[in-house]
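Q: Please look closely at one part of this model and then describe how the chains around that part meet one another. I would like a connected account, with every term given its cut-offs.

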Amino acid sequence: MHPLLQLTGVAKTFTMHLQDGIRLPVVAGVEFAVAAGECVTLAGPSGAGKSSVLKMIFGNYRCDAGEILVRHDGERVDVARADPRLILELRRTTIGYVSQFLRAVPRVAAIDVVAEPLVAAGVGRDAARARAGELLARLNVPQRLWPLPPATFSGGEQQRINIARGFLPDLPILLLDEPTASLDAPNRAIVMDLIKEKKARGTAIASIVHDDDVRARTVDRVIDITRFSASVPIPKFAQPCGTL
Amino acid sequence: MSDADAPLLVAEGLTKYYGRQLGCRDVSFSLYEGEVLAVVGESGSGKTTLLQLLSTQLAPSAGRVRYRLRDGVTRDLESLSEAERRFLFRTDWGYVHQDAALGLRMNVSAGANVGERLMAVGWRHYGRIRGTAAQWLDRVEIEPDRIDDPPLVYSGGMRQRLQIARNLVTQPRLVFMDEPTGGLDVSVQARLLDLLRGLVTELGLAAVVVTHDLAVARLLSHRIMVMKGGEVIETGLTDQVLDDPREPYSQLLVSSILPA
Amino acid sequence: MNAPAYNFAYLDEQTKRMIRRAILKAIAVPGYQVPFASREMPMPYGWGTGGVQVTASVLGPDDVLKVIDQGSDDTTNAVSIRKFFAKTAGVRTTTHTAEASVIQTRHRIPETPLTADQILVFQVPIPEPLRFLEPRETETRRMHALADYGLMHVKLYEDIARHGHIATTYAYPVKVDGRYVMDPSPTPKFDNPKMDDCAALQLFGAGREKRIYAIPPHTKVVSLDFEDHPFEASRTPKTCALCGADDTFLDEVITDDKGGRLFVCSDSDYCERRRGGVEKPA
């Protein structure tokens, strides 16, 4: 059975032109696969390159070497070599991503933030909102918040919007970057249930999880990113700027 | 390659010199239906020159622009007659100016501004023209009782929204935007961007948006092209170029944003 | 009278030939404004120099000329121009519409239907129908060339939006032969239907703006409108106090200081005919 997601020889180096062209190698030779219904977690200390790997899978970061193969439309597509149109299509139909922090677009209601990926995939707005509402209710987001833009929500509320948005569509591959970081215990439990449900539906999940409890309950395999360390981990002050 | 798969707009080696002064050099890209391309750069980057070349308002010194017309045939825009080009501009294209006054008839009512294109393509029923204009004003969030007011008495944000309505009424497939939020108050900008974002998605518009504001590019575009001194520095998926900029100038541009 | 001091109809033969060429071009492209080398005439701009030049170019010694101004043969303008041609061309003049072979008019079309051997010459101040909306000549020329007339309908739309109906009452734009939009000169819109399928040749001369245009006989002339606001050739709903006509264009005449007024036919010759009047000496 072919894995839904497979990384081979993936490498990433940041070249900081504004700091005299310092080259900061992050990872090299990354190699792992995720099968349908499986949840793997990328483990390693801060700065080891875990988020970078997830972002490369999503096509948000470029990849300097290697292949990132995903099953798309019955074929194997290499994200590392995909052109922008293909990456956008992959994100619509194949690869979902729940980032660590919600990027709040001004003026869009929370319920529409959540429903948007479904609407983009062709589901009618009312139906999409209905399903979004169900998921938000499950995540304990009170209905009075649904018509409000999430920019003023608490960190935990924002994260639950983010999770709902990522979990709502039915994509075969799901990438989770610290999905439970700002959540309290009851909400953590709900997210764990959601992850388990996704696995039961055959979704391949790659996650970054620091909480031992969550890890114990959702993760099937641990992938130690330090195995693929290129040389030194990225120091925090030299993180590339993604402040927008 | 099926029709829908063929690109809508193709720029090939577009170059423009103003005498010896370089406007832009060797710009090439393909734009597909429903895709938004942001062209970002600072003053003098050549982005406005590029927009004018693409919309045939300027003739290139070298290179060409090809466009797939509604009948499916891709034509070199240089080969179109002026009548064909004007028709294209009126029906299949939109052009949103930074200064809304340039894209509107300031002394004519809002309803007439929106209805003009319809009348130009042969609509002859006053009630229907007015009704359609009213629908569009509603869509761009202008109160219906302002339909008979000329844009001379509108605020800057309202004028810009009216310009958008005027451009979209004939359901164009491609819209050119030149700093659509330039000069507007921040809250007004947010509203306008939100509107644009929604309309682009809803109508499946392809767009080329020139902006110096990376946040606008992030919000509106799928792909981004960074320009400097008339040259293309970097091009690619918007979030990729903004989160993982490769070229020195791109990194400079991205890191220059002051966090709010 | 020293008629021999003038060339026939004042203008030299070369000028008349040039104007006739412009007229032929205008007839070949109905409604299209043909530029011509308008001459300095012995009356200032704004007094019908365009019409006079056209009349001078088509007039022959056997022609019978009628000149009217706002429908009347008696006003200063009409009298002056009639005398001008009497002196410089020696042609017979008349006030009788049916007897004239050439009729020069300012701002009205005669009520009497015209025939195939008549020419109607209009005096035109501003020939460009789009001028008040688009001041640039370069742009209006392009609009005509590309049949880009959306702006014309914008004006009509604005009228309806502002007044509830199309407020233009004279110089009402028309589409000629399905192609060019034309300004019929400041004739009342009541007269527009007379231009449609007219048996006579209609010529339009603008001296100051240096343009000539034409409507050949039996050409389709349609007034611009909207489907739900169709064109109406409206008139004052009164009858002529002199002849009782209820289907002509009327002038309002104030009769006293107490607001007394009556309405009379603007076309003085037509009114007289109806009253069984005698031909007045010219």
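A: A residue is called buried here if 20 or more other C-beta atoms lie within 10 Å of its own, exposed if 12 or fewer do, and partly exposed in between, with C-beta atoms placed from the backbone. This is a predicted model, in which local features need pLDDT of at least 70 and side-chain atom pairs count only at pLDDT 80 or more, while totals for chains, interfaces and linings use all residues. Residues are numbered from 1 along each chain as its sequence is written, and chains are lettered from A and ligands numbered from 1 in the order in which they are written.

The part chosen is helix H6 of chain A, residues 185-200, where helices (H or I, at least four residues) and strands (E, at least two) are DSSP runs numbered from the N terminus. H6(A) has 16 residues and reaches 23 Å from its first C-alpha to its last, close to the 22 Å expected at 1.5 Å a residue, the expected span being 1.5 Å times one less than the number of residues. Its buried residues are Val191(A), Ile195(A) and Lys198(A). Seen down the axis of H6(A), these buried residues fall within an arc of 60 degrees (taken over the directions from the helix axis to the C-beta atoms), so they line one face of the helix. The face turned away from that buried side carries the exposed residues Ala185(A), Pro186(A), Glu197(A) and Ala200(A). What covers the buried residues of H6(A) includes strands S3 (39-43), S7 (173-177) and S8 (204-208) together with helices H5 (155-167) and H7 (212-218), which belong to chain A. After H6(A) comes Gly202(A), whose phi is positive, near 95 degrees.

Turning to the chains, two residues are in contact if their C-beta atoms, placed from the backbone, lie within 7 Å. Of the two pairs of chains in contact, A and B share the most contacts, whereas chains A and C do not touch, their nearest C-alpha atoms being 34 Å apart. Between chains A and B, 25 residues of chain B are in contact with 19 residues of chain A, and H9(B) gives the most to that side of chain B, with five residues. On the other pair, 18 residues of chain B are in contact with 13 residues of chain C, and the largest share of that side of chain B, seven residues, comes from H3(B).
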